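Welcome! Take a moment to look over the sequence and turn the structure around, and then we can walk through it together.

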Amino acid sequence: VHGDTRLCVPTRPCCMDADRVPWVETDAEAKHRFLIELEFVQALSNPQYLKWLSDRGFLTQPNFVAYLEYLQYWHDPAYARFLIYPFALYYLKHLCDPLFRAAVGRGHGFLEGQQLAIWMRHELKEPPQESGGGGV
């Protein structure tokens with residue numbers, strides 16, 4: 001991590017289940033969570049990792065999608081400045097879209113094409129729609 005790391009880490013929902021006892025996060029725990037979330041968000045810049053997440057069913061799990069929605073705070077410049085791989089923000093944003101998540105699961109080089117199109121300064125393509133055949 002570079003630069004000043006003394007920033008306010010967003011408050012994380014301390015517990016997802018009503019039967020769990022809420023806790024207060026210490027400064028050390030907040031910093032640790034910040035670093036873990038930073039590493040995870042940066043990993044999202046890797047198309048093979050996204051395909052791996054899809055192949056194992058993570059992108060269809062409501063709790064995982066909720067976690068991706070929570071991580072949207074990384075788009076704030078105060079947090080984005082810590083990213084080494086800013087393309088992760090593109091995928092982080094679009095992974096909240098069910099059509100995008102489905103396109104990741106179908107493969108066909110969709111993610112690599114998205115990344116290459118941006119690198120070449122071309123327009124982004126829309127995620128391919130599922131064909132009526134029902135196949136993968």
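Where is N46 found? N46 sits in the loop between helix 1 and helix 2. Please keep in mind as we go that this is a predicted model. N46 counts as partly exposed because its relative accessible area is 33%, which falls in between the 20% limit for buried and the 50% limit for exposed. Although N46 and F87 are 41 residues apart along the chain, their C-alpha atoms are separated by 9.0 Å.

With that starting point in hand, let us step back to the whole chain. The protein chain holds 7 helices and 0 strands, so its pattern, read along the sequence, is simply α-α-α-α-α-α-α. Of its 136 residues, 34% are buried. The chain exposes about 8900 Å², and carbon and sulfur atoms supply 57% of that area. If you take the contacts with a separation of 6 or more, 64% of them are between residues 24 or more positions apart.

Now let us look inside. In soluble globular proteins, nonpolar side chains tend to be buried together. Here, the largest nonpolar core has 27 residues, and L44, L50, L71, W74, L92 and L95 are those with the most contacts inside it. Two or more residues of this core come from each of helix 1 (27-43), helix 2 (47-55), helix 3 (62-70), helix 5 (87-94) and helix 6 (98-106). Helix 5 gives the largest share, 6 residues.

L95 is a good residue to select on your screen. Leaving aside its neighbours within four places in sequence, L95 is in contact with L44, L50, L59, L68, F100, R101 and V104. Two of these partners, L44 and L50, are also among the core residues with the most contacts.

Another of the partners of L95, namely L68, leads us to helix 3. Which residues are buried in helix 3? They are F64, V65, L68 and Y70. The cover over the buried residues of helix 3 includes helix 1, helix 2, helix 5 and helix 6.

Let us follow one of those covering elements, helix 1. The axes of helix 1 and helix 3 come within 12 Å and cross at roughly 105°. Because of that angle, helix 1 is roughly perpendicular to helix 3. Helix 1 contributes R33, E37 and F40 to the contact, while helix 3 contributes F64, Y67, L68 and Y70. Sorted by class, this contact has 5 nonpolar, no polar and 2 charged residues.

Helix 1 also contains Q42. Is Q42 buried or exposed? Q42 is buried, because its relative accessible area is 13%, and the cut-off for buried is under 20%. Once neighbours within four places in sequence are left aside, the contacts of Q42 are with F82, L83, I84, Y85 and A88.

For a last stop, find W52, which has its place in helix 2. W52 is partly exposed, because its relative accessible area is 36%. Its C-alpha atom and that of G105 are separated by 8.9 Å, with their positions 53 residues apart along the chain.

To close, bring the picture together. This predicted model has 7 helices, and five of the elements named above, helix 1, helix 2, helix 3, helix 5 and helix 6, give two or more residues to the core.

Terms used:
Residues numbered from 1 in each chain as written. Predicted model: local features only at pLDDT ≥ 70, side-chain atom pairs only at ≥ 80, totals over all residues. Heavy atoms only, no water. Helix = DSSP H or I, 4+ residues; strand = E, 2+ residues; numbered from the N terminus. Buried < 20%, exposed > 50% of the residue type's maximum accessible area, 1.4 Å probe, protein only. Contact = heavy atoms within 4.5 Å. Areas by Shrake-Rupley, 256 points an atom, 1.4 Å probe, with all protein chains shown as cover. Core = buried A, V, L, I, M, F, W, Y, C linked by side-chain atoms within 4.5 Å. Axes fitted to C-alpha atoms, helices over the stretch in contact; angles between N-to-C directions. Parallel < 35°, antiparallel > 145°, perpendicular 65-115°, else oblique. Nonpolar A, V, L, I, M, F, W, Y, C, P; charged D, E, K, R; others polar.
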